[in-house]
Amino acid sequence: MSTTFQLDTSTSRANPTPQPMKRLTVPKIRAHKADGETKQPLVMLTAYTARQAQLLDAHCDILLVGDSLAQVIYGLPSTIPVTLDMMANHAAAVVRGSYHAVVVVDMPFGSYEASKEQAFESASRLLKESGAAAVKLEGGEQMAETVAFLNQRGIPVMGHVGLTPQAVNVLGGYMARGRDDAEAKKIVGDAKALDEAGAFAIVLEGVLEPIAIEATKAVSCPTIGIGASAQCDGQVLVTEDMLGMFERVPRFVKKYENIAEVIDRTVAQYAEEVRERSFPSADQTYQPKKG
């Protein structure tokens, strides 16, 4: 038995709750793909808070503490301003709120590109402070040496190629990648380089479907698509996007619900009841004891 800190949803407070250690492991994620095939695709979603992690955990193989929290949580224009402190704090919350899924944390821009030694310092800090199982970093062949360096020192790495949001200033925007032969060849080559360096999985983002399929077939580790192909070995979306928290979402997002509308309607009802003094009622107030 192991103690996992979980939110007590009846009180909204964190309490140590004994839970059997059922958490998936990086090797088990890697083993989903055997002999070039994945029978059951991996399910991955982003999570940034303990309560969100609780709600997603039972349904996901991987919870990604994405640097997408820049836009989703902090209202920033891109992922560039994200710091190690932000990532460590949110990752720790997600770990506390889960006990089944593998928790992977994004390495923010500027925390790993300078050298493999810088990457190790940043990655080891993230894992020590959060309890996450692995890190994710963007970049292909140019990051292969860093991926191998981290992997050899006990830090599992998930790769990320294709549309890499941290490089938005170089790419010139968030357009789909692989539209010409040279770029398509580079994406496949990047995936192969990360695979050979020891990445346990690779995110393929915003690439033309034939390129995603080719890259998936070219590597031995699982690929996880986002705006790629159903033929990838798994899928990931930003949770707030698929729940309908925002009006505008990328083309590759399917809105499974319209939570923003639910919140708007609910808060409107609350505001109306407050203004007409029907809330709080006797059921929500403390009355003197009779007698």
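**Entry 1: the aromatic pair**

I began with Y270, which is partly exposed at a relative accessible area of 48%, and I note at the outset that I am reading a predicted model. I then looked for ring partners and found that the structure holds one aromatic pair. In this pair Y270 and F279 meet edge-to-face, with 5.8 Å from centre to centre and 65° between the planes. I looked up F279 as well, and F279 is partly exposed, with a relative accessible area of 31%. Since buried means under 20% relative accessible area, I count neither Y270 nor F279 as buried.

**Entry 2: the chain as a whole**

I counted secondary structure next, and the protein chain has 11 helices and 12 strands. The chain runs to 291 residues, of which 47% count as buried. I also checked how contacts spread along the sequence: of those in the protein chain with a separation of 6 or more, 55% are between residues 24 or more positions apart.

**Entry 3: the barrel**

I followed the strand pairing around and saw that eight strands close into a barrel, in the order β5-β6-β7-β8-β9-β10-β11-β12, with parallel pairing. Direction ignored, neighbouring strands of this sheet are turned against each other by 25° on average.

**Entry 4: strand β7 and its two partners**

I chose β7, residues 102–106, for a closer look, and found five of its five residues buried, so this strand is largely enclosed by the rest of the structure. I asked myself which residues of β7 cover each side. On one side I listed V102, V104 and D106, on the other V103 and V105, and all of them are buried, so that both faces of the strand are covered.

On the β6 side, I traced four bridges between β6 (residues 62–65) and β7, the two strands running parallel; within this pairing, I62 has V102 as its bridge partner. Towards β8 (residues 134–136), I found three bridges, again in the parallel sense, and here V104 is partnered by A134. Between β7 and β8 the chain passes through helix α5, residues 116–130, and I recorded this β-α-β crossover as right-handed.

**Entry 5: E205 and strand β10**

I turned to E205 on account of the UniProt record, an unreviewed entry, whose annotation "active site" covers this residue. I placed E205 in strand β10, which spans residues 201–205. Is E205 buried or exposed? I read a relative accessible area of 11% for E205, and because buried means under 20%, E205 counts as buried.

I then listed what E205 touches, leaving aside its neighbours within four places in sequence: the contacts are H160, V161, G162, L163, P165 and I226. For the strand itself, I noted that four bridges join β10 to β11 (residues 223–226) and that these two strands run parallel. In that pairing, L204 stands opposite G225 of β11.

**Entry 6: helix α2**

I finished with helix α2, residues 50–57, where I found six of the eight residues buried, so that this helix is largely enclosed by the rest of the structure. Those I wrote down as buried are A50, Q52, A53, Q54, L56 and D57.

Note on methods
Residues numbered from 1 in each chain as written. Predicted model: local features only at pLDDT ≥ 70, side-chain atom pairs only at ≥ 80, totals over all residues. Heavy atoms only, no water. Buried < 20%, exposed > 50% of the residue type's maximum accessible area, 1.4 Å probe, protein only. Pairing = 2+ DSSP bridges. Right-handed = clockwise from strand over helix to strand, strands pointing away. UniProt positions renumbered as here; feature names shortened; annotations may be inferred. Contact = heavy atoms within 4.5 Å. Axes fitted to C-alpha atoms, helices over the stretch in contact; angles between N-to-C directions. Phe/Tyr/Trp six-rings, centres within 6.5 Å; stacked < 30°, edge-to-face > 60°.
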